[in-house]
Amino acid sequence: MNPVNYLYLAALLFTIGAAGVVIRRNAIVLFMCVELMLNACNLAFVTFSRLHGNLDGQIIAFFTMVVAAAEVVVGLAIIVTVFRSRHSASVDDASLMKL
Amino acid sequence: MENLIGLLVAVPLLGAALLLCGGRRLDGKGHYIGTVLAGASFVIGAVLFADMLGRGEHDRALHSKVFSWIPVGGFRADVAFQLDQLSMTFVLLITGVGTLIHIYSIGYMEHDERRRRFFGYLNLFLAAMLLLVLADNYLLLYVGWEGVGLASYLLIGFWQHKPSAATAAKKAFIVNRVGDVGLSIAIMLMFTTFGTFTFAPVLTNADHASEGKLTAIGLMLLLAACGKSAQVPLQSWLGDAMEGPTPVSALIHAATMVTAGVYLITRSGAIFNAAPDAQAAVVAVGAVTLLFGAIVGCAKDDIKKALAGSTMSQIGYMILAAGLGPIGYVFAIMHLVTHGFFKAGLFLGAGSVMHAMNDEVDMRKYGGLRKYMPVTFITFGLGYLAIIGFPGLSGFWSKDKIIEAAFAKGGTEGWILGGAALLGAAITAYYMTRVMLLTFFGEKRWVPDEEGHEPHPHESPSSMTIPMIVLAVGSVFAGGLFSVNDAFLKWLEPVTGHSHGDSPLSAAAVTAGTMVVLAIGVALAWAQYGRRPVPRTAPRGSLLTRAARRDLLQDDFNHVALVKPGQYLTRGLVYVDHKLVDGVVNGTAASVGGLSGRLRKLQNGYARTYAVSMFGGTAVLIAATLLMRAV
């Protein structure tokens with residue numbers, strides 16, 4: 001199969017993720033959309049690695065996964081804390097950082 | 001001996017420092033410290049005088065360098081003193097009369113709780129004036145000059161709880177400042193012309209400079225002298241300066257301050273000799289002021305202001321004499337010294353009268369005091385005879401010489417100046433007789449003061465009468481003593497030079513003329529104030545009298561010519577500042593503020609908005625990169 005198709009898939013996934021981030025309110029869903037975008041990027045990296053015949057892309061994909069894992073931990077902790085204090089997981093309710 | 005010169009200045013300066021920094025501990029004995037130190041300065045002066053007399057005519061000048069003040073490259077300004085016959089004369093006058101006034105003030109200021117401070121200021125005044133006359137360069141003279149201005153400000157405004165005194169002090173300071181600008185410009189001009197401002201090189205090289213520059217320097221020095229010596233057009237501060245305690249008036253008018261201008265012109269004689277135009281200006285200022293002051297003196301009912309007008313007029317005589325060049329320098333200084341005696345005596349006498357009359361100053365409310373205050377009457381009377389130039393007394397010798405010198409100027413100018421001086425003598429006789437008659441003769445016109453106390457005139461304590469007696473003795477004999485064998489002339493001639501002019505009138509004719517105008521002045525005053533009873537309130541008077549009561553409209557003139565335009569100018573500048581400068585600044589601030597107010601709305605706190613802006617930004621970047629690659 002033509003590897004370029006994977007790039008199309010990655011672009012599709014990224015777009016879905018981005019749209020989710022912009023449209024959805026639930027913090028958990030938002031968070032999953034961010035993960036989706038990260039994974040879309042990973043897929044693109046791996047595809048390019050395959051296309052170019054070297055391992056750089058795969059290494060970066062591993063890095064991304066590790067960083068994403070760490071980010072999930074911190075992010076979920078924040079979401080849980082916000083939920084506890086505000087009884088809501090909606091990001092719009094937490095729009096206090098403005099003048 | 002040279003080291004003593006510095007001590008002369010240091011001793012009163014030490015007194016000022018002690019009294020002003022010593023705090024309340026010295027309240028009980030501050031006045032003694034001040035007086036003793038002033039006296040010590042006089043003793044040092046006397047020792048130096050004796051030493052100077054012991055030396056030959058041409059090596060009498062002493063020099064003493066204390067330290068190098070501003071050594072910058074080739075430029076040097078030293079704190080160095082020069083004591084020659086001219087400075088010596090001033091030193092003895094300043095410390096002598098100054099000490100007497102200190103003694104007088106012990107009694108006069110007895111009930112003032114700030115007496116210690118008062119004596120501190122008096123000492124500061126003496127120190128500044130001594131520095132002024134002892135400096136061997138114009139820059140150090142300028143330091144003394146400013147010191148005198150400061151001390152006069154502090155003393156005129158000594159009773160600063162009275163708004164009138166505070167205003168008078170400010171007025172004196174500001175008017176003096178105009179003159180000070182003249183002196184500083186003169187010093188700068190000297191520096192560019194001669195490369196130095198030490199007296200000796202400047203004055204000996206004066207002939208080599210161009211006349212234009214010398215005229216400029218001379219006019220600036222004249223401006224300075226006008227400020228300090230209260231000459232037209234900078235005379236307006238002197239009358240108001242009477243707000244200060246009376247000993248201060250005596251000190252300002254006799255020993256310090258107003259004599260500084262005469263000293264400056266006499267000291268810079270070489271410059272004026274080489275600049276006839278500047279000299280003509282000096283003469284004109286002197287002649288105008290001597291009449292101006294005399295006319296003002298005629299109309300004032302306030303005893304101190306009448307005397308102030310008289311001072312202005314007498315200093316006018318000195319400036320006139322100094323402007324005549326080598327014919328007049330010696331006589332200017334001689335009149336200055338005799339005037340120092342009798343004017344200090346008159347002011348101390350006036351203070352004594354005020355002391356007795358519950359601080360009443362209106363002469364129309366005096367009258368008949370001669371029986372109650374015999375010592376004051378006699379000493380004041382002797383001062384009066386001296387100032388009008390009664391034959392044989394001090395004023396006669398010095399004023400007569402000035403009138404003679406004015407005629408000796410020659411030509412039409414000589415006649416005009418001589419005529420003005422003679423007219424001045426007549427008016428002097430008139431107003432001084434008026435003061436005398438109103439105060440000591442006639443019936444009692446006393447009125448109770450604001451709190452209802454009837455005045456009980458009494459003779460002042462001996463601390464006040466003794467200085468008055470000493471000064472009266474000086475007023476009687478000083479002039480005659482100076483004139484024996486032309487002693488004063490021979491004493492000063494090596495410093496100031498002297499030449500005899502060709503007088504169109506003989507000395508005897510001038511003296512006779514002076515006597516005639518004197519008699520006319522006295523007779524007029526007698527006819528007006530001696531023969532008839534004097535009303536308690538002043539009659540309306542003629543137009544001239546009313547103008548003279550307002551100091552010949554000096555303040556009105558200053559108000560219209562200087563204050564108003566100044567106010568309009570500042571108002572205009574304030575308007576421009578508000579509208580233009582502030583407009584630009586505030587406009588910038590407002591537009592930045594408005595812009596940021598709009599930009600602030602972008603920060604709405606919704607995470608998705610930030611995400612969109614990030615995506616948008618990334619998209620733009622990618623598009624730009626692709627576009628660049630395509631191009």
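# Reading a predicted two-chain model

Modeller: Let's start with the record: an unreviewed UniProt entry annotates residues 69-119 of chain B as "domain: NADH-Ubiquinone oxidoreductase (complex I) chain 5 N-terminal". UniProt positions are given in the numbering used here, feature names are shortened, and annotations may be inferred rather than shown by experiment. This is a predicted model, where local features need pLDDT of at least 70 and side-chain atom pairs count only at pLDDT 80 or more, while totals for chains, interfaces and linings use all residues. Residues are numbered from 1 along each chain as its sequence is written, chains are lettered from A and ligands numbered from 1 in the order in which they are written, and side-chain values use heavy atoms, with hydrogens and water left out.

Biologist: How much helix and strand do residues 69-119 of chain B have?

Modeller: Helices (H or I, at least four residues) and strands (E, at least two) are DSSP runs, numbered from the N terminus. Over residues 69-119 of chain B, 57% is helix and 25% is strand, with the end C-alpha atoms 29 Å apart.

Biologist: What span should H2(A) have, residue by residue?

Modeller: The expected span of a helix is 1.5 Å times one less than its number of residues. For the 26 residues of H2(A) that gives 38 Å, and the end C-alpha atoms are 37 Å apart, which agrees. H21(B), residues 507-530, has 24 residues and should span 34 Å; its end C-alpha atoms are 32 Å apart, which agrees too.

Biologist: Which helices do the buried residues of H2(A) and H21(B) pack against?

Modeller: Buried means under 20% relative accessible area, exposed over 50%, and partly exposed in between (1.4 Å probe, protein chains only). Contact means heavy atoms within 4.5 Å. The buried residues of H2(A), including A:Leu30, A:Phe31 and A:Glu35, pack against H1 and H3 of chain A and H24 of chain B. In H21(B), the buried residues include B:Thr514, B:Leu518 and B:Gly521, and the packing partners are H16, H17 and H18 of chain B. An α-helix has 3.6 residues a turn, so residues three or four places apart point the same way.

Biologist: Which residues lie nearest the centre of the largest pocket?

Modeller: On a 1 Å grid over the protein atoms alone, a cavity is a set of points where a 1.4 Å probe fits but cannot get out, and a pocket is an open set with protein on both sides within 12 Å along at least five of seven lines; lining residues have an atom within 4 Å of a point. Here, A:Leu30, A:Phe31, A:Val34, A:Val91 and B:Ala607 lie nearest the centre, among 24 lining residues. H3(A) gives the most to that lining, with six residues.

Biologist: Where should I look for unusual backbone geometry?

Modeller: Most residues other than glycine have a negative phi, and most peptide bonds are trans. The bond from B:Val232 to B:Pro233 is cis, with omega near 10°, and B:Pro233 sits in the loop between H8 and H9 of chain B. In the loop between H22 and H23 of chain B, B:Asp551 has a positive phi near 55°. B:Leu552, in that loop, has a positive phi near 50°.

Biologist: Is B:Asp551 buried or exposed?

Modeller: B:Asp551 counts as buried because its relative accessibility is 13%, whereas B:Leu552, at 23%, counts as partly exposed.
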